[in-house]
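Thanks for asking me to look this one over with you. Here are my notes, in numbered points, so you can follow along on the screen.

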Amino acid sequence: MATKPPSTDIDETRMHVSRPKKVAVGVPAVLHALQIANEQMGVKRSVQTLMRVNQKDGFDCPGCAWPEEDKRHVAEFCENGAKAVAEEATLRRVGPAFFAAHSVEELRTHDDWWLGQQGRLTHPMLLEEGDSHYRPVSWDDALRIVADELRAVDEPAETVFYTSGRTSNEAAFLYQLLVRGVGTNNLPDCSNMCHESSGSALTETIGIGKGTVSIEDIHEADLLIVAGQNPGTNHPRMLSALEKAKQRGARVIAVNPLPEAGLMRFENPQTVRGVAFGGTKIADRFVQVRAGGDQALFQAIGKHLLEAEAADGDVLDHDFIAEHTSGFDAYRQAMTDAAWPELVKATGLPEKTLRKIGEEVRTSTSTIVCWAMGLTQHKHSVPTLRDVVNVLLLQGNIGRPGAGVCPVRGHSNVQGDRTVGIYEKPAEEFLAALDREFSFRAPREHGFDTVEAIRAMRDGRVRFFMGMGGNFVSATPDTAVVEAAMARVDLTVHVSTKLNRSHAVTGRRALILPTLGRTDRDRRGGAEQRVTVEDSMGAVHASRGRLAPPSEELLSEVAIVARLCALVFGGGSSPATAPVSHGGDAERGLPEHGEIEEPRVTPVKTAVRQANNVPQADWAALEADYALIRSHIERTIPGFEDFETRIQKGRTFFLPNGPRDARRFATVDGKARFTANPLEYPHIPRGRLLLQTLRSHDQYNTTIYGKDDRYRGIHDGRRVVLVNTKDIQNLGFAEDEIVDLVSEWVRPDGSLEERRADEFRIVAYNTPKGNAAAYYPETNVLVPLDSVADVSGTPTSKAVIVRLERRA
């Protein structure tokens, strides 16, 4: 039986600590997942829904982007995937009565957990300037408000369109077309805050901003280095792939400041061994590197390989280096000049340990390096990842089985969104293809990334903000600045499935547009529609929800964007006032609504685009049949040829990947590029700590599923800071003491900025001396907006200098 949502926020006074776990998943994970599913959905709905997750005839998990094998298990989901599905398929509802009972001011006082637990949004809601409460509004009025606002802006750059990684390929493709039709490339997305550093480094060095491995390569690798990543919490199904690799003889090196249970031992609940015989040891070696010391680690590996080659030979792949790479001599000289004492200082590891790691790489026949936010959210993240590529190039570990780069994406379709055009710096080839396909000229000037968009809002240069999914306010850095920036915008629009903090931190006017989720049936044009997603390894497959939607008032993301295109650009009908048909009435034994054809909409001549230079399409037809959108994608983006046929019957196809497919590198010189990167690492002032923000186990991005982080031994609370025992003593504090966290950031002009997060409990933890960790979004307030990675612009959320202050 599903339960009611909580009536209060998390009570941090109830927080308690136990010993961290040394094993992940197992029966406790299954029981916890089923408990949350039952609370949100009830038993019957839970079983029906979870059996469809990641199945060929089912829906793609709204959680992470880890791929599936061609042969699927009957339960093809993990604990956190089950939580994500439960949160979306919940029976809890947030309708007009809820908003009538809760003012916006009250909603601001609640934490992210309480907000997310209230349930699914059911009706479009409008907050007028000066009002205290949202009120319901018709779809017709809501979408016309958006169109009118777009008409009112003076310049295209005054509009910002954000995208989360949940958006399907079809919706994202239409969305970027809407934005470019308005006349801007202001398309910030969640990639800007997570793997933008990966894309920047990989595009420069191997010519593609994606990984080069498949799930089969993971299984076949001889050595897997998992760096700056916690798969036990963030990508639990990855543990099954690592287990299979281990069973085939692979070695695994875990590189992280914190020991993570999932990389110690994995009890696979789908096997007898996992349930009854203690599971599988995953990491053969745990390398407890200092936060930000990963570049030094990979330089140490490269230096060791080059020294071994000079001493013994037969270490490097000379044929590959000669035929497929450039820049080797400069890199070799840089590593010759690199000093072992400096590498030791940066990593916090003895030279003997660094050489042992290098020796494991030397003896490997095929190596894959996997990474996530631990490597991408530092000022020097791009050089760090260039040095990851350098190590792999030395032995030809790109473009052959069991070898390559594996940036593990966080959200389910964040990579697909980028593929179909969600990017503020689009390539000319893509824009030219859009021009041909839709008979207009797309804007060429680069737009705002996420940080640049916040700066523009802060400075009063943005009048309109639209978020396609996500929780922008809680996901971004420098929370106080972001909230003040949002308040300066004339209209904020959020397309959402559930309530979140971004609905309580608004512009002068605000709209909430409720939308279908992955689990929901999407019936349009008299037929059930499907969408597609791209996983973390470049594979595309279909997704189709089967549940009756939470409300007959919901529109799909595709329908919302298509109707906006019709209102803004004209062309084809836009049934904005038509009842929505999802098949939900039929499922309850009631007659279905029919689709209603509306007359053509007069094009809106916006101030930002002339009516003769807007995309040309029959928007109503695209809304009614998503296959037509896929045909546009097929004709616009290489690799999607024969799109519709290739996704039939649950089939998956891989997009082209030059380095993987043919050792073809679309770089400036057509070769994979060695790079010589000066060594960088954080320097921590005396009496200070280097803080990294991270997720708890009961969390996915900004969605808080529960109050626990059981693998780290944190229960019934989130406001904790994990600190080395010696640091606690040396700084004059005691375990369990309540402190404020104060971040210190020195601006380029030498001035000092401070930010404060109040009331965190000190927890003694196994972290390198000088390093600390705490959960986001609670600590996003400490991350300076202008502290970003070089080249990529990613916020430096894993490198925040803080001091602890005793509460008065």
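1. Let's begin with a small puzzle: where is the place of Asp716? Asp716 sits in the loop between strand 28 (714-715) and strand 29 (720-723). Before going further, please keep in mind that this is a predicted model. The backbone at Asp716 is worth a look, since its phi is positive, about 60 degrees, although Asp716 is not a glycine. Its relative accessible area is 25%, so Asp716 is partly exposed.

2. Glu759 makes a good companion to that residue. Here, too, phi is positive, near 60 degrees, in a residue other than glycine. Glu759 is placed in strand 31, which covers residues 752-764. With 44% relative accessibility, Glu759 counts as partly exposed, because the partly exposed class runs between 20% and 50%.

3. Now step back to the whole chain. It contains 32 helices and 33 strands. Along the principal axes, the C-alpha atoms fill a box of roughly 80 × 65 × 60 Å. How does the radius of gyration agree with that of a compact globule? For 808 residues, a compact globule would have a radius of gyration near 28 Å, and the chain has 26 Å, which agrees.

4. What share of the residues is buried? Of the 808 residues in the chain, 65% are buried. The accessible surface comes to about 28000 Å², and carbon and sulfur atoms account for 50% of that surface. Contacts often link distant parts of the sequence: among those between residues at least 6 apart, 79% join residues at least 24 apart.

5. A word on charge. The chain carries 97 positive and 110 negative side chains. The centres of the two sets lie 3 Å apart.

6. Helix 8 is a nice element for practising a length check. Residues 169-182 form this helix, and at 1.5 Å a residue its 14 residues should span 20 Å; the end C-alpha atoms are 20 Å apart, which agrees. Is helix 8 enclosed or open to the outside? Because 14 of its 14 residues are buried, helix 8 is largely enclosed by the rest of the structure. Just after helix 8 comes Gly183, with a positive phi near 115 degrees.

7. Arg630 brings us back to helix 8 by another route. Arg630 has its place in helix 29, residues 626-636, and at 2% relative accessibility it counts as buried. Setting aside neighbours within four places in sequence, Arg630 is in contact with Glu170, Arg530, Val531, Thr532, Phe643, Glu644 and Ile647. Find Glu170 in that list: it falls within the residue range of helix 8. Arg630 can also be compared with His541, which is 89 residues away in sequence and 12 Å away in space, C-alpha to C-alpha.

8. Thr497 and Leu516 are best viewed together. Thr497 is in the loop between strand 17 (491-496) and strand 18 (509-514), while Leu516 is in the loop between strand 18 and strand 19 (523-524). Thr497 counts as buried at 11% relative accessibility, and Leu516 is buried as well, with a relative accessible area of 6%. The residues that Thr497 touches, beyond those up to four places away, include Leu516 itself, along with Thr515 and Gly517. Others on that list are Gly119, Arg120, Leu121 and Arg166. Leu516 and Thr122 are 394 residues apart in sequence, with 9.7 Å between their C-alpha atoms.

9. Lys671 lies in the loop between helix 31 (658-662) and strand 24 (672-673). Its relative accessible area is 31%, so Lys671 is partly exposed. Which residues does Lys671 touch, not counting those up to four places away in sequence? They are Thr205, Ala322, Glu323, His324, Thr325, Ser326 and Phe665. Ile560, by contrast, is 111 residues from Lys671 in sequence and 43 Å from it in space, C-alpha to C-alpha.

10. One last backbone detail to look up. A cis peptide bond joins Tyr776 and Pro777, with omega about 10 degrees. You will find Pro777 in the loop between strand 32 (771-775) and strand 33 (800-806).

Terms used
Residues numbered from 1 in each chain as written. Predicted model: local features only at pLDDT ≥ 70, side-chain atom pairs only at ≥ 80, totals over all residues. Heavy atoms only, no water. Helix = DSSP H or I, 4+ residues; strand = E, 2+ residues; numbered from the N terminus. Rg over C-alpha atoms; globule rule 2.2 N^0.38 Å. Buried < 20%, exposed > 50% of the residue type's maximum accessible area, 1.4 Å probe, protein only. Contact = heavy atoms within 4.5 Å. Areas by Shrake-Rupley, 256 points an atom, 1.4 Å probe, with all protein chains shown as cover. Lys, Arg positive; Asp, Glu negative; His and termini not counted. Charge placed at Lys NZ, Arg CZ, Asp CG, Glu CD. Expected span 1.5 Å × (residues − 1).
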